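Visitor: Please take a close look at the interior of this chain. I would like to know what lines its enclosed space and what surrounds that part.

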Amino acid sequence: MLTGWESFYVIIGTSAAVLIGLQFVVVTLAAQMQLVNPEGSSAFATPNIVHFCAILFVAAVLSSPWDSLATVAVILGLCGVAGLVYAGVVLRRARRHTSYTPVLEDWIFHFTLPPIAYAILLLAAIMLPSSPAMPLFVVAAAVLLLLFVGIHNAWDSATYIALNESQQQERHEEEK
């Protein structure tokens, strides 16, 4: 049953791995520009890495040769639960964050869509042993949602850094 999904998860896993690397570059650039705030990083940057790692993990699980889908279901269910717990931690961190006030787009992409994806993953894991065809598509939808959310959030971070650098350069030129 999982054999037909191999190419999909190779693509998804590779995408997640590459995006993890790019996120490291963004955080490094932010640190060099002294834009890194540990409070903000734990609420906005670190969750992207966690989501990309979850995608990579799910891709690895579903690309492995399993004897039983029940084991896969348990692992995916645990991943879904862990993601929901982590989403709660991230939300608590964001509410304590004082140097930036999230806008509606932030609430949607950082704090609403990821727990929805993890809940979908958990639901698919529950349904997987009884009739695997549809739950496998549901798992695919969940990881695609996490991937697109992560891409959006990484882009948002990169543009924030680029715009901030541009504004700093303009201020520096005005001071001359």
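Guide: What follows starts with the overall fold, moves to the cavity, and then works outward to the cores, some single residues and a pocket.

The model is predicted. The chain holds 5 helices and 0 strands, and its pattern along the sequence reads α-α-α-α-α. Of its 176 residues, 40% count as buried. Among contacts with a separation of 6 or more, 80% join residues 24 or more positions apart.

Now to the enclosed space. Searching the whole structure for cavities of 30 Å³ or more gives 1. The largest cavity has a volume of about 50 Å³. Its lining consists of P47, H51, A87, V90, L91, H110, F111, P114 and P115. Helix 2, helix 3 and helix 4 (104-127) are the elements that give two or more residues to this lining. The greatest contribution comes from helix 4, with 4 residues. By class, the lining of the largest cavity divides into 7 nonpolar residues, 2 polar and no charged.

One of the lining residues, F111, also belongs to a nonpolar core of 6 residues, whose members include F44, Y86 and A94. This core lies apart from the largest one, which has 34 residues. Within the largest nonpolar core, the residues that touch the most other members are Y9, I55, V58, L62, V72, L76 and V139. Helix 1, helix 2, helix 3, helix 4 and helix 5 (133-175) each give two or more residues to this core.

I55 can be followed further. Leaving aside neighbours within four places in sequence, I55 is in contact with I12, A16, V143, L146 and L147. Two of these partners, I12 and A16, are buried residues of helix 1. The other buried residues in helix 1 are Y9, G13, L19, I20, Q23, V26 and A30. An α-helix has 3.6 residues a turn, so residues three or four places apart point the same way. As for its length, helix 1 (residues 6-32) has 27 residues and should span 39 Å at 1.5 Å a residue; its end C-alpha atoms are 39 Å apart, so the two values agree.

Q23, buried in helix 1, is also a partner of N48. N48 sits in helix 2 (residues 38-63) and counts as buried because its relative accessibility is 0%. Beyond residues up to four places away in sequence, N48 touches G150, N153 and A154 as well as Q23.

A82, in helix 3 (residues 69-96), gives another case. Its relative accessibility is 46%, so A82 counts as partly exposed. A82 and Y118 are 36 residues apart in sequence, and their C-alpha atoms are 8.3 Å apart in space.

Finally, an open space can be set beside the enclosed one. The second largest pocket holds about 160 Å³ of space. Lining this pocket are M1, L2, T3, E6, L62, S63, S64, P65, W66, D67, S68 and L69. Among them, L62 is also one of the residues that touch the most other members of the largest nonpolar core. The lining of the second largest pocket has 6 nonpolar, 4 polar and 2 charged residues, whereas that of the largest cavity has no charged residues.

Terms used
Residues are numbered from 1 along each chain as its sequence is written. This is a predicted model: local features need pLDDT of at least 70, side-chain atom pairs count only at pLDDT 80 or more; totals for chains, interfaces and linings use all residues. Side-chain values use heavy atoms; hydrogens and water are left out. Buried means under 20% relative accessible area, exposed over 50%, partly exposed in between (1.4 Å probe, protein chains only). Contact means heavy atoms within 4.5 Å. The expected span of a helix is 1.5 Å times one less than its number of residues. On a 1 Å grid over the protein atoms alone, a cavity is a set of points where a 1.4 Å probe fits but cannot get out, and a pocket is an open set with protein on both sides within 12 Å along at least five of seven lines; lining residues have an atom within 4 Å of a point. Grid points are joined across faces, edges and corners, and a volume is the space filled by probe spheres set on the points. Ala, Val, Leu, Ile, Met, Phe, Trp, Tyr, Cys and Pro count as nonpolar, Asp, Glu, Lys and Arg as charged, and the others, Gly among them, as polar. A nonpolar core is a set of buried Ala, Val, Leu, Ile, Met, Phe, Trp, Tyr and Cys residues joined through side-chain atoms within 4.5 Å.
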